[in-house]
Amino acid sequence: MPTAVFAMDPERFPDVYGPQARARVAARAELLTDPASPDGVWSAERLAAAAPEALRAVEVLFTGWGGPVLDAAALARLPRLRLVLYAAGSVRRIAGEAFWSAGIPIVTAAHANAVPVAEFTVAQIVYALKGGWRHVLAARAARAAVPATATPGAYGSTVGVLSLGAAGRLVCEMLRGYDVEVVAHDPYAPAPPPGVRAVGLDELFATADVVSVHTPLLPETRGLVGRRLLASMKPGATLVNTSRGAVLDEPALLAVLAERPDLFAVLDVTDPEPPLPGSPLFTLPNVVVTPHLAGSRELERRRLGDLVVGEFERWLRGAPLLRALDPHTYERMA
């Protein structure tokens with residue numbers, strides 16, 4: 001059996017790697033545990049401080065949020081490392097040039113983390129098509145029931161999906177159960193999912209009743225959604241952002257929302273995050289801010305641990321890894 005360690009934020013560890021996932025690993029690996037930890041998990045700091053000879057046998061690293069950065073120094077302390085299993089999303093924080101040069105396979109649970117993001121997004125899209133938030137806020141401001149305003153509804157309306165990473169593709173798949181037209185823009189995607197029409201960025205913003213943003217935050221995507229695109233949105237349209245706040249030009253968004261009360265925004269992420277006290281995001285009548293709810297929460301985090309443990313079991317059988325990354329994929333992750 002290979003020698004393995006769990007190394008991540010100890011406080012988050014039980015949420016991600018539940019009892020069943022840990023038992024599956026223990027049945028198939030020789031676990032090297034931290035004697036100072038009740039769960040046996042190593043923090044990044046404890047792993048870095050461990051005697052080098054204690055880690056020489058480690059072949060498999062189970063990690064997640066708060067896990068060790070796999071730089072040259074860390075890899076030198078793990079000379080037999082053969083597989084990294086990251087029960088979280090983007091590996092950008094932990095995997096740099098030294099790691100990719102080492103040629104060690106790395107699995108990410110980004111696809112599992114995309115599931116609750118897509119579920120949350122589809123819920124917001126359907127609610128937006130019915131004008132739900134707008135009616136709730138209007139009634140609260142009036143302290144009385146208010147008549148329903150004209151809304152497109154979820155039949156024959158158009159939903160635009162910006163970027164087709166794991167979450168964006170899942171949103172498209174889930175929307176197949178609704179009678180809506182789905183259009184998408186992603187210059188890096190080879191082809192949109194079945195039933196989805198690829199469009200240019202301008203057409204997506206100008207024609208969609210709801211635009212859902214799933215773009216990773218990279219130098220070239222910072223402020224991608226600016227005043228011109230926002231001002232071009234069709235009357236009564238809604239913008240939903242569950243990706244990263246800085247993908248939007250937030251000052252431009254605030255200005256357009258103030259000028260266009262017919263538009264609406266549902267923001268699960270902001271720039272900065274959380275928003276500064278007194279931000280207009282909390283006073284404008286046509287915006288709702290949620291505190292980064294879309295990602296995995298509580299029991300949903302177990303899905304991440306279960307995914308990487310399943311990949312570990314595939315690796316033991318000699319089967320191909322389904323969620324392994326390569327440097328090309330990594331470059332386009334948030």
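**Exercise 1. Work out how S9 and S10 pair, and which residue in S10 stands opposite Val210.**

Start with the two strands: in this predicted model, S9 and S10 run in the parallel sense and share four bridges. Next, pick out Val210 and look across. Its opposite number in S10 is Thr238.

**Exercise 2. Follow S10 to its other partner, S11, and say what unit the two make with helix H12.**

First the pairing: S10 and strand S11 (residues 264-267) are also parallel, over four bridges. For a landmark, find Asn241, which stands opposite Leu267 in S11. Then trace the chain through helix H12 (residues 250-259): S10, H12 and S11 form a β-α-β unit, and it's right-handed.

**Exercise 3. Sort Thr238, Leu239, Val240 and Asn241 by the way they point from S10, and decide whether they are buried or exposed.**

Take the directions to begin with. Thr238 and Val240 go one way, while Leu239 and Asn241 go the other. Now check accessibility: all of them are buried.

**Exercise 4. Find the salt-bridge partner of Asp209 and explain what the pair ties together.**

Look for the partner: it's Lys234, with the closest N and O atoms 3.3 Å apart. Then place both ends. Asp209 sits in the loop between helix H10 (201-207) and strand S9 (210-213), and Lys234 in the loop between helix H11 (227-231) and strand S10 (238-241), so the bridge ties together parts 25 residues apart in sequence. Last, compare the cover: at a relative accessible area of 12%, Asp209 is buried because the cut-off is under 20%. Lys234, at 26%, counts as partly exposed.

**Exercise 5. Do the same for Arg80 and Glu59: where do they lie, and how exposed is each?**

The two form a salt bridge, their closest N and O atoms being 4.0 Å apart. The pair links distant parts of the chain: Arg80 is in the loop between helix H5 (72-76) and strand S4 (83-86), and Glu59 in the loop between helix H4 (52-55) and strand S3 (60-63), 21 residues apart. Arg80 is partly exposed at 46% relative accessible area, whereas Glu59 is buried at 8%.

**Exercise 6. Locate the salt bridge between Glu311 and Arg314, then name the residues that shared partners join into a network.**

Glu311 and Arg314 have their closest N and O atoms 3.9 Å apart. Both belong to helix H13 (residues 302-317), three residues apart, or about one turn of the helix. Glu311 is buried, at 3% relative accessible area. As for the network, salt bridges with shared partners join Arg24, Arg28 and Glu313. The whole structure holds 14 salt bridges.

Conventions. Residues numbered from 1 in each chain as written. Predicted model: local features only at pLDDT ≥ 70, side-chain atom pairs only at ≥ 80, totals over all residues. Heavy atoms only, no water. Salt bridge = Lys/Arg side-chain N within 4 Å of Asp/Glu carboxyl O. Buried < 20%, exposed > 50% of the residue type's maximum accessible area, 1.4 Å probe, protein only. Pairing = 2+ DSSP bridges. Right-handed = clockwise from strand over helix to strand, strands pointing away.
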